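Biologist: I have a model open and would love a close look at one part of it. Could you walk me through it, cut-offs included?

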Amino acid sequence: MQLQLAPFAKHCRQLLLLTGALALCISQSACQPGRNSDRITVASAGRITSLDPAQASTFGALQLLSALGDTLYKRSATGQLTPALASALPEISDGGRTVTIPLREDVLFHDGTRFDAEAMAFSLRRFLEIGTLSYVVGDRITAVETPGTYRLRLRLSRPSSSLENLLTATNLTPVSPTAYRNHQDRFLNDRFIGTGPYELTSFRSVQQRLEPFTNYWGASPSNSGLDLIYLSNSTALFGAMRSGEVDVLLSDSIDEDQRLALNRMAGEGRLREGQGPALVIGYITLLSNTQPLQNPVLRRALALSLDRDLINERVSHGLRPPLFSLVPPGLPGGNVKPWPRHDAARARNLFIQAGYCNGKIFTLPFTYRSNVPADRLMALTWQAQIQRDLSDCLSLKLDGVESTTVYRQLGEGAFQAVMLDWRGAYPDPEAYLAPLLSCKEAEGSVCRRGEAAISGSFWTAPGLNNTLLRSDRSRGDDRQRDLESVERMAAEGAAYIPVWLVTPRAWSRTALATPEFDGNGQVVLARLQEVR
């Protein structure tokens, strides 16, 4: 039986009028291809609601903060850890429970005040006090001290092998204590005063203007400034890139057909394409604390029913390779594949074991984010594939919900099954496993309180949390074994089903150099420049 997919509306071939954000943010001279300006216009999707590092969580906000601020350390695209605001690698003592970080002595904030240990301590304490992304730090840092003007000391609750990577997290970008004096215990969403290569001179949720910071401690930006714009849909973004109305396009929220078209244009030499490390995972979360999905046999049947190879081909034309782990390949623990491949026969046997097939069909409400094009295509493809393979056992009832609603209701147990994606706050297995699996209060296999509940699965297993904690204390081969053990337990529990891996891409006009990415998967905006 040949797989039949629901018909999809064809993309409009004519260029839509770019109203709203595009008209607001680009001057007439900046909109024209071949202009005589070194300012560069960068386009993306969505809008930015908060520029506060203690709250920012979207790709766009973190990308912007990476240009306006600096972190203590950075990861290169090849994975090398290098000091940024720190002047050397961290000094570890007290059995791994004390970390001392020497700081640069030549750094100024955008308001002209000095960056030093007190400023960094102010920012870290502020994040620990009001930060909404509790999983970023967890309970690792118990005290922040300043033993010297340019020496920072962190007291840890336990040794942490992921700490060095944690210190590259954009959410730990320091802010000026002077500028944030009245915002120590509340967010400052529409301004940012940091130490980065650019300073923010204009902010709207759909447009920001960045100017080079003349007193920047590092290499000056390779351009004379940036205009960042956010358009409402993929067609507008695609049209703006094709017409030359924008210089650089970031790949988040681009329709898969248009992503493929841009990829082909780059292959033909009509655009330049840069690729970053593949650090975004797409996965399904299953609600495991209530029936019917409280039955692990049923969850394992669903994991076996998913044909990732078909989904990769039909949805992304091969650009989103199948994923069988919660940790991206290339990170420690990410090269194992504990989740099973598609096997309709084994899935059928498990559905029968769970009491389905033979006249009884399990109808699964499957939610996808309606504003994420790939999610809808994935849902339709899986639905059609199930109809082909297991129509007498399983049926998917699809429901599209806007992403902000999904995120708000996820921890309330609102979704039986939901398609999501995740980019770790820093490139380490801890940044993927802890936000999905850590649990502070459990009852059997149900997580009552912790990240596993917030993430919508409410699943845990005896010994899982202890093994997860041990994996962040161990190093080398011991850590690898612990990480593999965590993933095997997660695969057996099947409360999450990894689907695909996403490589970030950015396209630029041929008159510009190819966009470069850092080790955290963000475009290095300061290196965007005209090819001379």
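In what order do the four strands of the open sheet stand, and is the pairing parallel or antiparallel?

Modeller: Happy to. This is a predicted model, in which local features need pLDDT of at least 70 and side-chain atom pairs count only at pLDDT 80 or more, while totals for chains, interfaces and linings use all residues. Residues are numbered from 1 along each chain as its sequence is written, and side-chain values use heavy atoms, with hydrogens and water left out.

Now to your sheet. The order is E4-E5-E7-E6, an open sheet of four strands with antiparallel pairing. Strands here are DSSP runs of E with at least two residues, helices are runs of H or I with at least four, and both are numbered from the N terminus. Two strands pair if DSSP finds at least two bridges between them. At the edges stand E4 (91–93) and E6 (141–148), each with a single partner strand, so one side of each has no neighbour in the sheet. From one strand to the next, the twist averages 20°; axes are lines fitted to C-alpha atoms, for helices over the stretch in contact, and angles run from 0 to 180 degrees between N-to-C directions.

Look next at E6 and E7 (residues 151–156), which run antiparallel and are joined by five bridges. One residue pair to pick out is Gly148 with its bridge partner in E7, Arg151. Helix H4 (residues 117–130) packs on the sheet, touching E6 and E7, and its direction makes about 170° with that of E6. Contact means heavy atoms within 4.5 Å.

From the sheet, you can move on to Thr173, in the loop between helix H6 (163–166) and strand E8 (198–204). Thr173 has 4% relative accessibility and therefore counts as buried; buried means under 20% relative accessible area, exposed over 50%, and partly exposed in between, with a 1.4 Å probe and protein chains only. Leaving aside neighbours within four places in sequence, Thr173 is in contact with Pro53, Gly69, Asp70, Thr71, Ser123 and Phe192. Ser123 falls in the range of H4, residues 117–130. The side chain of Thr173 also reaches the backbone oxygen of Thr170 at 2.6 Å. A polar contact is a pair of N or O atoms within 3.5 Å; within protein, one must be able to donate a hydrogen and the other to accept it, and residues adjacent in sequence count only if both atoms are side-chain atoms.

For a helix to set beside this, try H10 (residues 308–316), whose buried residues are Arg308, Leu310, Ile311, Asn312, Val315 and Ser316. They pack against helix H8 (256–267), helix H9 (296–305), helix H12 (373–389) and strand E19 (496–502). At the start of H10, a side-chain oxygen of Asp307 comes to within 3.3 Å of the backbone nitrogen of Asp309. Just after H10, His317 takes a positive phi of about 55°.

Backbone angles give two further stops. The peptide bond from Gln291 to Pro292 is cis, with omega near 5°, and Pro292 sits in the loop between strand E13 (280–286) and H9. Ala494, although not a glycine, has a positive phi of about 55°. Ala494 belongs to the loop between helix H17 (476–493) and E19, and is buried at a relative accessible area of 0%.
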